[in-house]
Amino acid sequence: MLAALQARIEGKRAELVALTQDLVRIPTVNPPGEDYTPCAQLIGERLRRRGFEIAYIRAENTPGDSDRHPRTNVIARRSGARPGPCVHFNSHIDVVEAGHGWTVDPFAGLVRDGKVYGRGTCDMKGGLAASIIAVEALIELWPDFSGAIEISGTVDEESGGLGGVAHLARMGLFSKPRVDHVIIPEPLNKDRICLGHRGVWWAEIETHGSIAHGSMPFLGDCAVRHMGAVMEAFEQELFPKLAAKHTSMPVVPEGAKSSTLNINSIHGGQPEGFGGLPSPCVPDSCRMVIDRRFLIEEHLDEVKGEVVAILDRLSATRQGFRYSLKDLLEVIPTMTDRQAPVVRAVAEAIETVLDRPADYVISPGSYDQKHIARIGHLHDCIAYGPGILDLAHRPDEFVVIDDMVDSARVMAQAAHALLSGAAGHG
Ligand SMILES: [Zn+2]
């Protein structure tokens, strides 16, 4: 069976490339969420012809949803001959904007030197195509399989996934007993299993001052100078403290094994984008957005507490310092157990297909696994797929065709093991 499966996937190489090209040629750019419906239909109509039941689910009233830009998701399900576990492959269909610096057309799906080029080839239409080909090959050879296979194409991953996986998880579509094992073919390389991701805290800090004429700043109180004091405290205390924290999570790249904080934006005073001369005012407000990524060893309360302690100390020690703090987004770190069935099945398949042991990694940024864990309460979930993570969102993004074929072979074998019970399920 396994040898036949490998040969069949190899025989579908041209079909895999063509499917990747077809997906890339639909420019599902997010924001605003362009062409989600035709992309969902490409997947849905293809799988309908192969015996899948298809559901198109529009996430109405989620951010960005409108009749012009409907948040259209697709779930395809095929039940086998007997009851059994369900293996689900989930891919996001949205891509980020092309941006500048391309030497090829980002939406042409050009094939050159064994690679497919274009926005989304790596992140993650190549992985989506590989999972579809893997499942089709498996079903052709094993039409009377037990259990169920699902493939979903979901929207808005690049903007938080609220209209995509989070919406479907709220409908119960990513929970037991409907689904048992989830593989998300994000580009983590064909020999690596991504067990989860770090946590996220986004917040906005505002410092307050009082307005006055700019020629007499001593009559007002400059909110930007107060923010300068915050920055200074971050430089002196917070950044060194975060850099000194190390995780036992196998996060890649190496730098992301520490806690990190990015200052996403800072603004105070004269509005940006105004072309005229400024009016002479002392700014009475300054706002900074922070993007803090934290480790599984840290608690969210502690993460927030470090920032609050600095702000409170400045309130106590610095003349006129007043602040407010607003939470924007919180994501708890996730790490699937290495002994979980989906991890073991994919690890064994990597060893058989690629003849080398699997590597285990944690993603520096979060992806849709967060919603499956937190809303769906389903923890047998990993990211595994072809493509080099560093190429995601870059100009001249590509995916290597050999890598797509190899990862399709791994996915098919892992799905076979999970459905036949060889990897143990529960
Ligand atoms: Zn992605």
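Domain bounds, as used here, come from an automatic or database domain assignment. In this predicted model, the assignment divides the protein into domain 1 (2-197 + 333-420) and domain 2 (199-271 + 278-331). The C-alpha centres of domain 1 and domain 2 lie 37 Å apart.

## Overall form

The protein contains 10 helices and 16 strands. Its C-alpha trace spans about 80 × 45 × 40 Å along the principal axes. The radius of gyration is 24 Å, which agrees with the value near 22 Å that a compact globule of 426 residues would have. Of the 426 residues, 47% count as buried. Among the contacts with a separation of 6 or more, 81% are made by residues 24 or more positions apart.

## Where the domains meet

How many residues of domain 1 are in contact with domain 2? Eight residues of domain 1 are in contact with 12 residues of domain 2. On the side of domain 1 that touches domain 2, strand E14 (residues 359-363) gives the most, with three residues. By class, this side of domain 1 has six nonpolar residues, one polar residue and one charged residue.

## The four-strand sheet

One open sheet has four strands in the order E10-E11-E9-E12, and their pairing is antiparallel. Its edge strands are E10 (260-268) and E12 (322-331), each of which pairs on one side only. On average, neighbouring strands of this sheet are turned by 15 degrees against each other, direction ignored.

The pairing of E9 and E12 can be followed in detail. Strand E9 (residues 199-208) runs antiparallel to E12 and is joined to E12 by nine bridges. Thr-207 stands opposite Tyr-323 in E12.

Two helices lie across strands of this sheet. Helix H6 lies across E9, E10 and strand E11 (285-294), while helix H7 lies across E9, E11 and E12.

## The three-strand sheet

A further open sheet is formed by three strands in the order E4-E5-E16, again with antiparallel pairing. The edge strands are E4 (111-112) and E16, and each pairs on one side only. E4 and strand E5 (residues 115-117) pair over two bridges in the antiparallel sense. Val-111 stands opposite Val-116 in E5. Helix H10 lies across E5 and E16.

The table sets out the three helices that lie across these strands, with the angle to one strand for each.

| Helix | Residues | Strands crossed | Angle |
|---|---|---|---|
| H6 | residues 223-243 | E9, E10 and E11 | about 175 degrees to E10 |
| H7 | residues 300-317 | E9, E11 and E12 | about 170 degrees to E12 |
| H10 | residues 401-420 | E5 and E16 | about 60 degrees to E16 |

## A residue in a loop

Asp-390 is found in the loop between strand E15 (381-383) and strand E16 (398-400). Is Asp-390 buried or exposed? A residue counts as exposed if 12 or fewer other C-beta atoms lie within 10 Å of its own. Asp-390 has 10 other C-beta atoms within 10 Å and is therefore exposed. Which distance separates Asp-390 from Pro-253 in space? The two residues are 9.8 Å apart, C-alpha to C-alpha, and 137 residues apart in sequence.

Note on methods. Residues are numbered from 1 along each chain as its sequence is written. This is a predicted model: local features need pLDDT of at least 70, side-chain atom pairs count only at pLDDT 80 or more; totals for chains, interfaces and linings use all residues. A residue is buried if 20 or more other C-beta atoms lie within 10 Å of its own, exposed if 12 or fewer, and partly exposed in between; C-beta atoms are placed from the backbone. Two strands pair if DSSP finds at least two bridges between them. Axes are lines fitted to C-alpha atoms, for helices over the stretch in contact, and angles run from 0 to 180 degrees between N-to-C directions. Two residues are in contact if their C-beta atoms, placed from the backbone, lie within 7 Å. The radius of gyration is taken over C-alpha atoms; the globule rule is 2.2 Å times the number of residues to the power 0.38. Ala, Val, Leu, Ile, Met, Phe, Trp, Tyr, Cys and Pro count as nonpolar, Asp, Glu, Lys and Arg as charged, and the others, Gly among them, as polar.
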